[in-house]
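Got your viewer open? Let's take a walk through this one together, one selection at a time.

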Amino acid sequence: MKPFCWTPLLAGFLIVTTAEATLAVDRPNILLAIADDWCYPHASAYDCKFVRTPAFDRVAREGVLFQNAFTATPGCSPSRAALLTGQHSWRLREAGTHASSFPRDLPVYPQILEQAGYFVGYSGKAWGPGNFKISGWERNPAGTDFSVKLDNPPNKGIGPTDYAASFAKFLKTRPKDQPFCFWYGGKEPHRAYEKGAGLAAGKKLADVEVPPFLPASDEVRSDLLDYAMEVEYFDAQLGKLLDQLAATGEAENTLVIVCSDNGMPFPRAKANLYDHGTHMPLAIRWPAKVKGNRTVSDFAGHVDLAPTILAASGENIPAATTGKSLLPTLISDKSGQVDPTRDHVFLARERHSSSRPMNLGYPARAIRTADYLYIRNFKPDQWPAGDPATAAGTSGYHDIDASPTLALLVAGKDDPKIRPFLDLAVAKRPAEELFSLKDDPATVRNVATEPLHAAAKAKLRGQLDDNLTKTGDARMTPDGDVWETYKRYSPIREF
């Protein structure tokens with residue numbers, strides 16, 4: 001296997017040591033399982049009634065279940081870049097937007113571990129979509145690809161990778177006694193789905209919990225059941241990997257992290273800073289160090305996962321890292337709120353799909369606490385889900401994945417029962433949005449102009465602005481539109 005050239009990458013970075021590094025007397029293996037477009041609370045560990053996830057539940061039961069885990073940004077490639085680097089997406093230049101490139105000088109945890117003697121690889125979807133080779137990477141920033149082709153997917157929506165066979169290949173290739181770092185990147189539950197797969201499998205429309213921003217029609221319920229089927233497929237493959245891990249005899253000293261990159265592919269979810277776009281399932285297990293059967297309410301960002309992995313492995317954390325290791329929360333024997341400083345996360349988005357003239361994005365930043373979600377929309381004159389129509393006159397809103405649910409909303413634009421749901425998904429939004437989560441957990445009613453919440457809005461605005469300025473967000477400077485200059489390597493539509 002051809003290694004990376006490490007010296008140019010790391011020579012320019014100050015490396016800092018963390019006290020937590022002393023915890024890793026015997027360096028653990030690392031198994032990260034990341035789904036594609038799966039959001040909280042769609043796991044049976046969170047008491048969801050129409051999605052069954054026994055493997056995720058097993059990791060939660062034998063480890064720690066997080067109630068307040070959030071992605072850095074609600075789109076595939078920038079969220080994965082933030083996870084790999086442990087940095088907020090606005091610090092990652094091209095890698096902080098969708099389908100661009102990945103600057104070669106950004107340190108990522110798989111590289112650091114490989115330099116330290118780990119055997120590193122992935123299967124399925126790693127960092128992407130985007131062009132990492134244009135920046136000088138010889139392979140994906142997640143490591144070497146061990147993907148094995150799946151010859152007979154169970155339905156048309158399932159990805160082309162045999163995840164269990166891929167992990168078996170990786171383990172067989174690993175040199176004896178070498179710790180490993182493996183990335184299981186499920187393609188599921190990304191669209192497209194095989195329509196009606198959920199009903200065909202015996203799932204019931206009545207069991208579906210439809211979020212308040214979608215109409216509770218049979219069409220939407222069936223679409224959510226098809227999504228549930230793919231979540232369950234991802235979970236079933238995770239179960240196979242956990243069984244293989246147990247067979248190695250190394251499960252006790254393996255740090256297992258199960259998460260997703262962004263929210264479900266439905267209107268007002270994926271590609272949005274609302275909760276169904278950013279609130280993620282997260283369970284972490286490490287039997288050798290972490291007491292199991294615990295649920296914590298500490299806020300955890302995906303930017304925290306890379307420093308957690310590095311600290312657990314006894315490695316130094318790059319000074320550029322903005323995330324914070326979760327090890328103190330994990331090794332505590334407490335449930336509930338463990339670390340009182342973990343009471344918020346920061347969120348961001350730039351370009352998602354090719355959805356507007358000149359390939360423009362929809363820049364926004366947010367802060368999420370237990371009580372509120374505050375969002376700053378930097379370009380409120382633009383369409384948040386993309387322009388309504390392409391240059392050819394076909395339907396737009398391309399920041400929303402094509403689906404039966406989106407088609408229902410667009411077709412019902414003149415129906416007074418449907419139009420409010422379409423507007424929630426696609427209508428232009430004010431520069432500031434504020435949602436009171438106690439009264440509105442689905443984040444659908446903007447209270448930013450209500451006097452009752454004025455003090456909370458001012459406080460959150462200040463906290464967000466301070467953090468963005470401190471961490472170098474270009475959107476807080478006159479040069480914010482540098483984001484529009486980052487080349488997209490996926491197809492670009494005309495509007």
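**Stop 1: a strand and its partners**

Select β2 and strand β7 (residues 254–260): seven bridges join them, and they run parallel. Helices here (H or I, at least four residues) and strands (E, at least two) are DSSP runs, numbered from the N terminus, and two strands pair if DSSP finds at least two bridges between them. Before going further, know that this is a predicted model, where local features need pLDDT of at least 70, side-chain atom pairs count only at pLDDT 80 or more, and totals for chains, interfaces and linings use all residues. Residues are numbered from 1 along each chain as its sequence is written, and side-chain values use heavy atoms, with hydrogens and water left out.

Zoom in on the β2–β7 pairing. Asn29 stands opposite Thr254 in β7, and the bridge partner of Ile30 in β7 is Leu255. Now show strand β6 (residues 180–185), which pairs with β2 in the parallel sense over five bridges. Here Ala33 stands opposite Tyr184.

How many residues of strand β2 (residues 29–35) are buried? Seven of the seven are, so the strand is largely enclosed by the rest of the structure. Buried means under 20% relative accessible area, exposed over 50%, and partly exposed in between (1.4 Å probe, protein chains only). Turn on the side chains: Asn29, Leu31, Ala33 and Ala35 point one way, while Ile30, Leu32 and Ile34 point the other way. In a regular strand, side chains alternate between the two faces of the sheet.

**Stop 2: the whole sheet**

Zoom out and color eight strands, which form an open sheet in the order β5-β4-β6-β2-β7-β8-β3-β9, with mixed pairing. The edge strands, each pairing on one side only, are β5 (144–145) and β9 (294–301).

**Stop 3: helices on the sheet**

Select helix α3 (residues 76–85), which lies across β2, β6 and β7 and runs at about 165° to β2. Axes are lines fitted to C-alpha atoms, for helices over the stretch in contact (heavy atoms within 4.5 Å); angles run from 0 to 180 degrees between N-to-C directions. Add helix α5 (residues 163–173), which packs on the sheet, touching β2, β4 (119–124) and β6; its direction makes about 165° with that of β6.

Back to α3: 10 of its 10 residues are buried, among them Arg80 and Leu84. What covers them includes β2, α4 (109–115), β6, β7 and α9 (305–312). Just after α3 comes Gly86, whose phi is positive, near 75°.

**Stop 4: the cavities**

A search of the whole structure finds two cavities of 30 Å³ or more. On a 1 Å grid over the protein atoms alone, a cavity is a set of points where a 1.4 Å probe fits but cannot get out, and lining residues have an atom within 4 Å of a point. Grid points are joined across faces, edges and corners, and a volume is the space filled by probe spheres set on the points.

The largest cavity holds about 70 Å³ of space, and its lining includes Tyr274, Tyr362, Asn377 and Glu433. Click on Asn377, found in strand β13 (residues 372–377). Is Asn377 buried or exposed? At 3% relative accessibility, Asn377 counts as buried. Leaving aside neighbours within four places in sequence, Asn377 is in contact with residues including Tyr362, Ala364 and Arg429.

Last selection: the second largest cavity, with a volume of about 60 Å³. Its lining includes Thr73, Pro78 and His352.

Methods: 1 Å grid on protein atoms, 1.4 Å probe; cavity = no way out; pocket = protein on both sides within 12 Å on 5 of 7 lines; lining within 4 Å.
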